[in-house]
Amino acid sequence: SYSQRLLAIGSDSEVDVTATCKQIEKKLKATRKEIYGNLTPWQRVQMSRHPARPYTLDYIKAICGDTWLELHGDRGVKDDKAMIGGLGKIGDQSFMFIGQQKGFNTKTRQYRNFGMANPEGYRKALRLMKSAEKFGVPVVCLIDTPGAYPGLEAEERGQGEAIARNILEMTRLKVPIIVMIIGEGASGGALGIGVGDRVIMLENTWYSGEITEY
């Protein structure tokens with residue numbers, strides 16, 4: 001940052017720049033507050049899609065650290081890389097974390113299918129939720145998707161049914177579910193893991209749960 005560079009220059013030249021740094025930090029804070037307090041709705045959508053924004057695995061690893069254990073596969077077709085899930089601890093309490101994962105460059109975006117899950121992703125999510133219910137573990141869902149994958153092969157494998165099944169089963173799940181919108185929350189792709197006892201949205205995110213296409 002500018003203040004850190006200024007401090008480094010001051011240190012090298014043996015000049016006290018502490019007061020100047022404080023003034024710069026104060027001005028930066030006020031300017032940032034003014035800019036982000038006056039964003040248009042479309043600018044907030046753009047912020048939700050910003051490539052430097054943290055993704056699901058960033059949050060999970062920051063919260064759980066070395067306790068994070070990813071689980072794979074829907075026990076039917078394959079492991080959907082756009083939908084991740086697994087166990088992690090916050091303190092002494094275990095949680096089942098589930099969420100869409102986007103990529104941070106061209107290669108990983110293709111690997112993660114741009115955060116658009118196929119039916120097997122939603123079936124993996126449901127399998128993990130039912131496992132959490134069996135062992136009395138609360139569920140945390142992190143939503144960040146432009147929507148469920150709309151390809152022909154996804155529809156052939158039952159995309160609409162998979163999402164509808166998840167919505168039904170989540171309303172019946174016997175353990176607590178916390179849902180957090182951390183970026184984009186688009187349509188049925190978000191609703192497939194978006195039914196919770198508490199639904200929380202971070203700043204500069206959006207949520208549009210419309211599933212009439214299914």
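1. The hairpin of S2 and S3 has two residues between its strands, and Gly91 there takes a positive phi near 65°. This is a predicted model, and the points below should be read as comments on a prediction. Strand S2 covers residues 83-90 and strand S3 covers residues 93-100. The two run antiparallel and are joined by eight bridges. Within this pairing, Leu87 has Met96 of S3 as its bridge partner.

2. S2 has a further partner in strand S1, residues 69-71. S1 and S2 are also antiparallel, with three bridges between them. Leu69 stands opposite Leu87 in S2. Leu87 is thus a useful residue to locate when viewing these strands, since it faces Leu69 on one pairing and Met96 in S3 on the other.

3. The structure contains one aromatic pair. It is formed by Phe95 and Phe97, whose ring centres are 6.1 Å apart; the planes meet at 50°, so the pair counts as tilted. Tilted is the label for planes that are neither under 30 degrees apart, which would be stacked, nor over 60, which would be edge-to-face. Phe95 is buried, with 14% relative accessibility. Phe97 is buried as well, at 1%.

4. Strand S5, residues 177-186, has eight buried residues out of ten, so the rest of the structure largely encloses it. Its pairings are as follows. With S4 it runs parallel over six bridges, and Ile143 has Ile181 in S5 as its bridge partner. With S6 it runs parallel over four bridges, and Ile178 stands opposite Arg198 in S6. With strand S7, residues 206-208, it is parallel over three bridges, and Gly185 stands opposite Tyr207 in S7.

5. Strand S4, residues 139-145, includes Thr145. Thr145 has 0% relative accessibility, and therefore counts as buried under the 20% cut-off. Its side chain reaches the backbone oxygen of Gly115 at 2.8 Å. Beyond neighbours within four places in sequence, Thr145 is in contact with Gln100, Lys102, Gly115, Met116, Glu184, Gly185, Ala186, Gly189 and Ala190. Gly115 therefore appears both in this contact list and as the acceptor side of the 2.8 Å approach, through its backbone oxygen.

6. Cys141 also lies in S4. At 0% relative accessibility, Cys141 is buried. Residues up to four places away in sequence aside, Cys141 touches Ile98, Met129, Met170, Ile177, Ile178, Val179, Met180 and Ile193. The C-alpha atoms of Cys141 and Val199 are 9.3 Å apart, while 58 residues separate them along the chain.

7. What does a search of the whole structure find in the way of disulfides? The search returns zero. Cys64 is another cysteine that counts as buried, at 6% relative accessibility.

8. Gly192 sits in the loop between helix H9 (187-191) and strand S6 (198-201). Is Gly192 buried or exposed? Gly192 is buried, with a relative accessible area of 0%. Its contacts, leaving aside neighbours within four places in sequence, are Tyr122, Ile163, Asn166 and Met170. For Gly192 and Tyr122, the C-alpha atoms are separated by 6.6 Å, with these positions 70 residues apart along the chain. Met170 is in contact with Gly192 and is also touched by Cys141 of point 6.

9. Some totals for the protein close the note. There are nine helices and seven strands. Of the 214 residues, 43% are buried. Counting contacts between residues at least 6 apart in sequence, 67% join residues at least 24 apart. Examples of such distant contacts appear above, including Gly192 with Tyr122, at 70 residues apart. The protein exposes about 12100 Å², of which carbon and sulfur atoms supply 56%.

Key
Residues are numbered from 1 along each chain as its sequence is written. This is a predicted model: local features need pLDDT of at least 70, side-chain atom pairs count only at pLDDT 80 or more; totals for chains, interfaces and linings use all residues. Side-chain values use heavy atoms; hydrogens and water are left out. Buried means under 20% relative accessible area, exposed over 50%, partly exposed in between (1.4 Å probe, protein chains only). A polar contact is a pair of N or O atoms within 3.5 Å; within protein, one must be able to donate a hydrogen and the other to accept it, and residues adjacent in sequence count only if both atoms are side-chain atoms. Contact means heavy atoms within 4.5 Å. Accessible areas come from the Shrake-Rupley method with a 1.4 Å probe; for residues, only the protein chains shown count as cover. Two strands pair if DSSP finds at least two bridges between them. A disulfide is a pair of cysteine sulfur atoms within 2.5 Å. Rings of Phe, Tyr and Trp (its six-membered ring) pair if their centres lie within 6.5 Å; planes under 30 degrees apart count as stacked, over 60 as edge-to-face and the rest as tilted.
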